[in-house]
Amino acid sequence: MNPTLSFFYFLSFLTILSAIMVVVSRSPIHSVLYLILTFFCLSGHYILLNAQFLAAVNIIVYAGAIMVLFLFVIMFLNMKEEEEKFRGNVTKIAAAIVGGTIFIILFGAYRKTQVGTYNPYEFKSQTGMVESLGMVLFRDYLLPFELASVLFLIAMVGAVMLGKREIGERHF
Amino acid sequence: MYPIVLLSVLGIVVLYLGFLKSKSILLPATLLFLVVAMIGNFFEWNDGELLYFKGMFAVNKLTLTFNAIVLFSAFMIVAMTQGFQDNEEAQPAEYFALMLFSLVGAFMMIGFENLIMLFLGVEILSVAMYVLTGSDKRNLRSNEAALKYFLMGAFATGIMLFGIALLYGASGSFSLNGIESFVTLNQRSPSYLLYAGLLLVLIGMLFKVSAAPFHFWTPDVYDGAPSIFTAFMATIVKTAGFAALFRLLSHSFSGIYDFWWPTLSILTVLTLLVGNIIAVYQDSFKRMLAYSSISHAGYLLIALTSMTKQTENAILFYSMAYSFATICAFGVLIPVAREKSLEGRPNESYEAFNGLAKNNPLLAFVLTVSMLSLAGIPLTAGFWGKFFVFSSAVERELVWMIIVAVLMSAVGIYYYFRVIMAAYMKEGDTATIRIAPFYKIVLIAATLLTILFGLAPGLFEAAM
């Protein structure tokens, strides 16, 4: 077993373990911390896939900005470790059935799929670099790239509209 | 392509117009912009099949017709808003801008040639809808609806994105043509990764058009959102969603029809049963319309499941007939519910319509025609919509599905006629409701179109 492969297995194990811990942890803060670990592991996968830029962006945006926001909100809400009482057993069983079915479908699909073979002579070291990414983004995917701005504009307008204080509302 | 560019820019113009002191210019400006987009839409009418930006976006007569239906529905709904002049808390500039932007998403879903475009279009349309659902900030039900819609919608989008990733993993391409050629090459040896991806994408899309069993958000969201935005949701999101589903299934996956039709047919029957049977038990007219929109998703799914040559025409005609009738229904509901308000909130129950015909014969007539069209009674557009849908299913010999659909249409007649009975038979004290002249024109136009296409459905095909 070559070192890359063993590193891949180690990373995958860590990713799945921390992802499970996100769901299992009782305290929301622990969940978020495990989620950060998951994101770091995923960034490791991106580096193994020769996508260095994506790995960096993943850490900056997800593990950095969004996770800080998450932690901030959780501390703001001052959540206590509470027992979940409102969920009945029926919901749990239904969720387990649905999740298990999807797992079986995906597992079966992956098992029957032939994975593309790897040819070391065709390896391009520049694939995941910013330059080639920019080439694809601004040449082939120019239209979706520009139209994404409409999406962000909608999100901004919506946030301002919903967040604006109305006349007669409480001042904090 | 023109309407996308035009509306992206004109939406920003509407936002800037919001800075003006007088808000009364917003409504005519937005209507003008929609007309401009409609004119731009028909610039490419005679150009045949066009591809833009390295095969990202396709334009042909089918997409242009879908665009026209969406634009026309949006025009009528915007005209019915009356500029939100009677509401101090309303922010019309933002509402109109969000509506125009969301149409950009609808056009992307109608003409996408690449799955990235589909995903972005779905997101643009949905995010605008989440915001508009929650736009009635003081209303707790509106807040709840927005949060529910947002959380569930984000989850469904995630599932769809996972599906798109699997499709890419299987075929190595995001473009419809690339996937299609992969499907035709590998018809003998099925690629299970592709199948799993297709199923997940279908789940995501069926959530957006509220087909059972992904319909749980629909009644609460339709009920909680302000009625005018519910009308927008019920017509435009559904039309764009089915245009996208049709494009995806007919273009890329027609080669593996045998794989997806059993799944889709089960969902179709389930949607028909759930939508129609639960609608019977509703006391609120608005909630009944929500379930009726689920059931109409079921009828449209019949056309999609049969996937014959007639499907294209059937989906076009059905979504048009359904949109006009739904706009009429909401157009009557809004003034009536406002007139009969209970504890400061619009009263949307069936009782609000009691005795409507005595003092408001026009509103009662519009309501009757729209209900007849939704129920599929002859001489309305809805009848021909159902007729085309069923005949495409006959061509595929899906007789059992038609039997279920006809039975469910009979159930539908019961709950659609309940409100007509309330308007004409029951005693009530509805005062004469004053409605603006422009509002009246929109209602009459939509009603006349419903009757016109009911008398001469050939007009529609002749126009194409």
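What follows is a short tutorial chat about reading helix features in a predicted model.

User: Any ground rules first?

Analyst: Local features in this predicted model need pLDDT of at least 70, side-chain atom pairs count only at pLDDT 80 or more, and totals for chains, interfaces and linings use all residues. Residues are numbered from 1 along each chain as its sequence is written, chains are lettered from A and ligands numbered from 1 in the order written, and side-chain values use heavy atoms, leaving out hydrogens and water.

User: How do I read helix packing, and at what angle do helix 3 and helix 10 of chain B pack?

Analyst: Two packed helices are described by the angle between their axes and the distance between the axes. Axes are lines fitted to C-alpha atoms, for helices over the stretch in contact, with angles from 0 to 180 degrees between N-to-C directions. Here, helix 3 (residues 61-80) and helix 10 (residues 227-252) of chain B pack at about 175°, axes 9 Å apart. Helix 3 of chain B and helix 10 of chain B are therefore roughly antiparallel (over 145 degrees).

User: Which residues of helix 18 of chain B are buried?

Analyst: Buried means under 20% relative accessible area, exposed over 50%, partly exposed in between (1.4 Å probe, protein chains only). In helix 18 of chain B, the buried ones include Tyr439(B), Leu443(B) and Phe453(B). The buried residues cover an arc of only 135° around the axis, which puts them on the same side of helix 18 of chain B; the arc is that of directions from the helix axis to the C-beta atoms. The face turned away carries the exposed Pro437(B), Ile441(B), Leu448(B) and Leu455(B).

User: Is Lys386(B) buried or exposed?

Analyst: At 6% relative accessibility, Lys386(B) counts as buried. Lys386(B) is in helix 16 (residues 381-395) of chain B.

How values were computed:
Helices (H or I, at least four residues) and strands (E, at least two) are DSSP runs, numbered from the N terminus. Angles under 35 degrees count as roughly parallel, over 145 as roughly antiparallel, 65 to 115 as roughly perpendicular and the rest as oblique.
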